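User: I'd like to learn how to read the sheets in this model. Can you walk me through them?

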Amino acid sequence: MIVLGIETSCDETACAIVDDARGIRANVVLSQLDEHRPYGGVVPEVAARAHLHYLDGLIRQALDEAHLDLGQVDAIAATGGPGLIGGVIVGVMTAKAMAAARGLPFVAVNHLEGHALTARLTDDVPFPYLLLLVSGGHCQLLEVEGVGRYRRLGTTIDDAVGEAFDKTAKLLGLGYPGGPLLEKAAQKATNPGRFDLPAPMKGRPDCDFSFSGLKTAVRRHVEQLGTPTEADVADLAAAFHHAVGQSLLDRCDRAIKAFKGRHPADEQGGGRHLVVAGGVAANKYLREQLAKLAAKRGLTFTAPPLALCTDNAAMIAWAGLERFRLGQTDGLDFAPRPRWPLDPTAKPMKFAGVKA
């Protein structure tokens with residue numbers, strides 16, 4: 001079984017081809033960072049036009065790399081949401097056109113489910129498992145019970161963690177994208193304990209997140225410093241990393257207890273994994289801290305390779321394949337969605353928007 005996947009939800013244009021032996025036959029990603037960097041963030045209209053310009057060529061490139069033609073593909077999958085609606089429309093309409101022209105099944109994939117199921121592509125992790133989904137637009141803790149079956153334990157009440165990274169990097173004059181630049185700056189810290197930043201929500205009885213206050217605390221330190229030196233920036237970046245880490249560990253620890261209570265480990269390996277996914281999962285410091293927590297709580301820690309943490313089409317093709325082999329396909333009347341929660345029964349967070 002071979003599925004072609006398309007990802008156009010934000011600022012990466014991507015196409016990939018995967019098979020049911022968990023083989024990635026092609027995975028082509030074109031970053032739009034150069035187009036968006038002058039604006040300090042993603043411009044939706046610029047992103048949509050770039051997807052429209054590059055996508056056809058990337059599909060041809062993926063098919064060439066996989067040594068396949070479209071007649072050898074069993075289904076077409078595309079991100080159907082959530083995301084910047086202009087880009088999502090480009091990917092969905094392209095996938096529908098290919099499916100209609102070739103008489104192939106079409107699968108609309110929830111972008112978040114793509115991240116959620118990546119660990120099954122790379123490590124064959126069995127259901128159920130606990131997922132920490134951390135990216136520029138989302139920060140959630142979820143019990144992954146099966147394809148299309150998610151229980152949300154916690155979400156951000158304001159900013160997503162990746163959003164906090166980007167905004168903090170901007171405050172420190174590091175540029176965009178903030179995550180990699182902040183991580184690089186933190187590695188140069190000579191006095192990482194110099195600044196005392198709060199670990200948001202630590203000790204609270206639920207599993208929710210909040211990062212807007214942490215961003216404000218960084219701003220106050222920057223204002224007090226006037227013009228931060230390179231050493232100031234490095235120490236603040238290290239303090240920010242520590243605060244984020246402490247918050248994530250505290251929230252995850254609470255979620256682990258809830259997860260274990262509902263899902264005792266079984267003989268098939270279910271109930272034994274803590275998985276982290278999303279763009280922020282590429283942060284090495286956070287990966288190390290989460291791995292220690294998982295070991296402490298008797299869980300196996302699983303994180304995708306760095307290239308599969310950020311937005312890519314391999315995860316979309318795989319999620320499409322998982323749905324396709326269960327008989328879950330979509331009609332050509334599917335409407336792209338700017339919002340698409342994994343757990344539709346979970347209550348919305350008033351100030352979190354799509355990040356909940």
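**Reading the sheets**

Analyst: Let's start with one pair: strand E4 (residues 75-81) and E5 run parallel and are joined by 5 bridges. Strands here are DSSP runs of E with at least two residues, helices are runs of H or I with at least four, and both are numbered from the N terminus. Two strands pair if DSSP finds at least two bridges between them. This is a predicted model, where local features need pLDDT of at least 70, side-chain atom pairs count only at pLDDT 80 or more, and totals for chains, interfaces and linings use all residues. Residues are numbered from 1 along each chain as its sequence is written, and side-chain values use heavy atoms, leaving out hydrogens and water.

User: What holds paired strands together, and in what order do the strands of the sheet with E4 and E5 come?

Analyst: In general, strands of a sheet pair through backbone hydrogen bonds, either parallel or antiparallel. Here, 5 strands make an open sheet, ordered E3-E2-E1-E4-E5, with mixed pairing. Strand E3 (24-31) and strand E5 (106-110) each have a single partner strand, so one side of each lacks a neighbour in the sheet. From one strand to the next, the twist averages 20°; angles run from 0 to 180 degrees between N-to-C directions, with axes fitted to C-alpha atoms, for helices over the stretch in contact.

User: Which strands does helix H3 touch?

Analyst: Contact means heavy atoms within 4.5 Å. Helix H3 (residues 85-102) packs on the sheet and touches strand E1 (2-7), E4 and E5, with its direction at about 160° to that of E4. Helix H10 (residues 314-324) packs on this sheet too, and its direction makes about 45° with that of E2.

User: Let's zoom in on threonine 79: is it buried or exposed?

Analyst: Buried means under 20% relative accessible area, exposed over 50%, partly exposed in between (1.4 Å probe, protein chains only). Threonine 79 has 1% relative accessibility, so it counts as buried. Threonine 79 sits in strand E4, and its bridge partner in E5 is valine 109. Its side chain also makes a polar contact of 2.5 Å with that of glutamate 7. A polar contact is a pair of N or O atoms within 3.5 Å; within protein, one must be able to donate a hydrogen and the other to accept it, and residues adjacent in sequence count only if both atoms are side-chain atoms.

User: What is the order of the strands in the sheet with E8?

Analyst: That open sheet of 5 strands runs E8-E7-E6-E9-E10, again with mixed pairing. Strand E7 (residues 139-146) pairs with E8 in the antiparallel sense over 6 bridges.
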